[in-house]
Amino acid sequence: MAEDQLRTRLNPSYWKHLNAVPFSEDVVPSSLFLRNKHYLVVDLETQNLVQDVGGWGHVDKLKISVGCAYDSKTGEMMTFTEAEIPKLNDLCEERLVVGYNIRGFDLIILQAYGLDMSRLDVFDIMYDVQTLTRQKYLKLEVLAQGTLNVGKSADGLMAVEWWKQGKIDEIIKYCKQDVQVTADIFEFGRKNGHIKLQRADGSKSEVKVNWN
């Protein structure tokens, strides 16, 4: 058995479903970090809203307006137009792909542009925090406010409106900010062994993480 296979450890959740490729929560995080020296933080903005394509069962039809990624190997923040998405897909296959709810959104969309999920190692921050806290669908804003004391500048609804108005620069600026916030949360957790969540009453709760 190859060394990288020996390093991969699976949680019990993997054996409860029939998928050949493990989901993020099936793989013990430390296994992913041992296998990958560098990571790529990815975020996408779309041309359409979910209701425009028939609901969440058709996320793959949303179409990409802009994709952004931070590469830990080069320290570069990159932007990809729809026509350049194959370049992003190639990078995803060479790095540990990190993001927030990318498993339920971004990666599904990228599959429609030819991304081969079987070739990826993926770490989804949202799903890991969900496993640790038993709180589902926490917004990135909750982690950003709690951990970094910063908020998001807009949202996906506004990004679609900007696309309709031809304001591509605004979409790029927003998408880059989302990538930067996600990368900063990830690095904070790696360095400090915890992140913080902003509660509705303004207080914060600490969540211990193992992202190394």
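## A walk through the sheet, its helices and a hairpin

Let's start inside the sheet, where strand 2 (residues 64-71) and strand 3 run antiparallel and are joined by six bridges. One pair to pick out on screen is alanine 69 and methionine 78, the latter being the bridge partner in strand 3. Please keep in mind as you look around that this is a predicted model.

Now step back to see the whole sheet. It is open, has five strands in the order 3-2-1-4-5, and its pairing is mixed. Strand 3 (76-81) and strand 5 (121-124) are at the edges with a single partner strand each, so each has one side without a neighbour in the sheet. From one strand to the next, the twist averages 25°. If you are following side chains along any of these strands, a general rule helps: in a regular strand they alternate between the two faces of the sheet.

Which helices belong with this sheet? Helix 5 (residues 125-133) packs on it, touching strand 4 (96-99) and strand 5, and the direction of helix 5 makes about 55° with that of strand 5. Helix 8 (residues 168-192) lies across strand 1 (39-46), strand 2, strand 3, strand 4 and strand 5, and runs at about 145° to strand 1.

Helix 8 is a good guide to what comes next. The axis of helix 7 (residues 156-165) comes within 8 Å of the axis of helix 8, and the two cross at roughly 155°. Are these helices roughly parallel or roughly antiparallel to each other? An angle over 145 degrees counts as roughly antiparallel, and helix 7 and helix 8 are therefore roughly antiparallel. The crossing itself is left-handed. On the helix 7 side, the residues that meet helix 8 are Gly156, Ala159, Trp162 and Trp163, while helix 8 contributes Ile168, Glu170, Ile171 and Tyr174. A rule about helices is handy when reading such lists: an α-helix has 3.6 residues a turn, so residues three or four places apart point the same way.

Stay with helix 8 a moment longer and find valine 181, which lies in this helix. Its relative accessibility is 6%, and because buried means under 20%, valine 181 counts as buried. What does valine 181 touch, once neighbours within four places in sequence are left aside? The contacts are Leu140, Ala144, Leu148 and Val150. Glycine 151 is another residue to locate here: 30 residues separate it from valine 181 in sequence, yet their C-alpha atoms are 8.7 Å apart in space.

Several of those names lead us to helix 6 (residues 140-148), whose buried residues are Leu140, Leu143, Ala144, Gly146 and Thr147. These buried residues pack against helix 5, helix 8, strand 6 and strand 7. Just after helix 6 comes asparagine 149, with a positive phi near 60°.

Strand 6 (residues 194-198) and strand 7 (residues 204-208) make a pair of their own, antiparallel and with five bridges. Histidine 194 stands opposite lysine 208 of strand 7. The two strands form a hairpin with five residues between them, and glycine 202 in the turn has a positive phi of about 95°. Is serine 205, a residue of strand 7, buried or exposed? With a relative accessible area of 17%, serine 205 is buried. Not counting residues up to four places away in sequence, serine 205 touches Ile195, Lys196, Leu197 and Arg199.

Backbone angles give us two more stops, both in loops. Lysine 63, in the loop between strand 1 and strand 2, has a positive phi near 70° although it is a residue other than glycine. Lysine 63 is partly exposed, with 38% relative accessible area. Tyrosine 137 sits in the loop between helix 5 and helix 6, and its phi is also positive, about 55°, although it is not a glycine. Tyrosine 137 is exposed, at a relative accessible area of 60%.

Finally, let's take in the protein as a whole. Its secondary structure comes to eight helices and seven strands. Of its 212 residues, 45% count as buried. Among contacts with a separation of 6 or more, 60% come from residues 24 or more positions apart. The protein exposes about 11,200 Å², with 49% of that supplied by carbon and sulfur atoms.

Key:
Residues numbered from 1 in each chain as written. Predicted model: local features only at pLDDT ≥ 70, side-chain atom pairs only at ≥ 80, totals over all residues. Heavy atoms only, no water. Pairing = 2+ DSSP bridges. Helix = DSSP H or I, 4+ residues; strand = E, 2+ residues; numbered from the N terminus. Axes fitted to C-alpha atoms, helices over the stretch in contact; angles between N-to-C directions. Contact = heavy atoms within 4.5 Å. Buried < 20%, exposed > 50% of the residue type's maximum accessible area, 1.4 Å probe, protein only. Areas by Shrake-Rupley, 256 points an atom, 1.4 Å probe, with all protein chains shown as cover. Parallel < 35°, antiparallel > 145°, perpendicular 65-115°, else oblique. Left-handed = near helix turned anticlockwise from the far one by under 90°.
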